[in-house]
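Here are a few friendly notes to read alongside the model. Please keep the structure open as you go through them.

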Amino acid sequence: MTEAGQQEGKAIGPVAAKRIIRMIKRRHPPPEISFLNITAMMDMMSILLVYLLKQFSVSSNVVTTPELLMPYSTSTLQSKQAVAVAITSRQILVENRLVVTLRNGYVDPSDKQGGANSYLVTPLLAAMDQERTRLQMIAQRNPQAPFEGLVTISADKNTPYRVLAEVLYTVGQARFGKYRLVVLSRNAG
């Protein structure tokens, strides 16, 4: 048989077919990728972002600064996710943001609504109202995260009782009615 006979519709062998396919591939190389498809990368990054944000929000309940010496306790209660309020020897922080600077360990009377004898700390009330609004908006959109009014208070062990009472009163006025005081476990060393 001749090649002309094969080209008229007769079958060719497998070796010849592979050779023809290789020749066609050489003439028409596959196109190079001229764009970057980042959909899969974006999916992965969004999952990582959500995971890291969740981890950060859970682990940020306890504020640690060199100025904050925590008292010890034998309590075994575990901490829950709540708004973190820290009272150091020099300042009051809400979620690691400076709200009030203390003067000689006490709240300056100019930061209180009624002067020196008042318990209502105005900048702290504004910060807690802002946190309550944020948490209530989250609760509206996510029924699994209801607003409970829970506050975790970390206070220096040398904090005067008056300052602690002022913080508790002000936080209560912002409709946060559940408090947890953070202490170090004696077993933790």
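1. Let me begin with a hairpin. Strand E2 (residues 83-87) runs antiparallel to strand E3 (residues 91-94), with 3 bridges between them, and 3 residues make the connection from E2 to E3. Val85 has Val94 as its bridge partner in E3. Helices (H or I, at least four residues) and strands (E, at least two) are DSSP runs, numbered from the N terminus, and two strands pair if DSSP finds at least two bridges between them.

2. A word on the basis of these notes: this is a predicted model, in which local features need pLDDT of at least 70 and side-chain atom pairs count only at pLDDT 80 or more, while totals for chains, interfaces and linings use all residues. Residues are numbered from 1 along each chain as its sequence is written, and side-chain values use heavy atoms, with hydrogens and water left out.

3. What joins E2 to strand E6 (residues 150-155)? The two strands run parallel and share 5 bridges, with Val151 of E6 as the partner of Val83. E3 in turn is joined to strand E4 (residues 97-103) by 4 bridges, antiparallel; there Val94 is partnered by Arg97.

4. Taken together, the strands form an open sheet of 6 with mixed pairing, in the order E5-E4-E3-E2-E6-E7. Strands E5 (106-107) and E7 (178-182) are at the edges with a single partner strand each, so one side of each has no neighbour in the sheet.

5. How well covered is E2? Buried residues (under 20% relative accessible area; exposed is over 50%, partly exposed in between; 1.4 Å probe, protein chains only) make up 5 of its 5. Val83, Val85 and Ile87 are buried on one face, and Ala84 and Ala86 on the other. In a regular strand, side chains alternate between the two faces of the sheet.

6. Now the salt bridges (a side-chain nitrogen of Lys or Arg within 4 Å of a carboxyl oxygen of Asp or Glu): the whole structure has 6. One of them pairs Lys112 with Glu166, with closest N and O atoms 2.5 Å apart. Lys112 is in the loop between E5 and helix H4 (122-141) and Glu166 is in helix H5 (residues 161-173), so this pair ties together parts 54 residues apart in sequence. Both residues are buried.

7. Within helix H4, Arg132 and Asp129 are 3 residues apart, about one turn, and their side chains form a salt bridge (2.7 Å, N to O). Arg132 is buried at 11% relative accessibility, whereas Asp129 is partly exposed at 25%.
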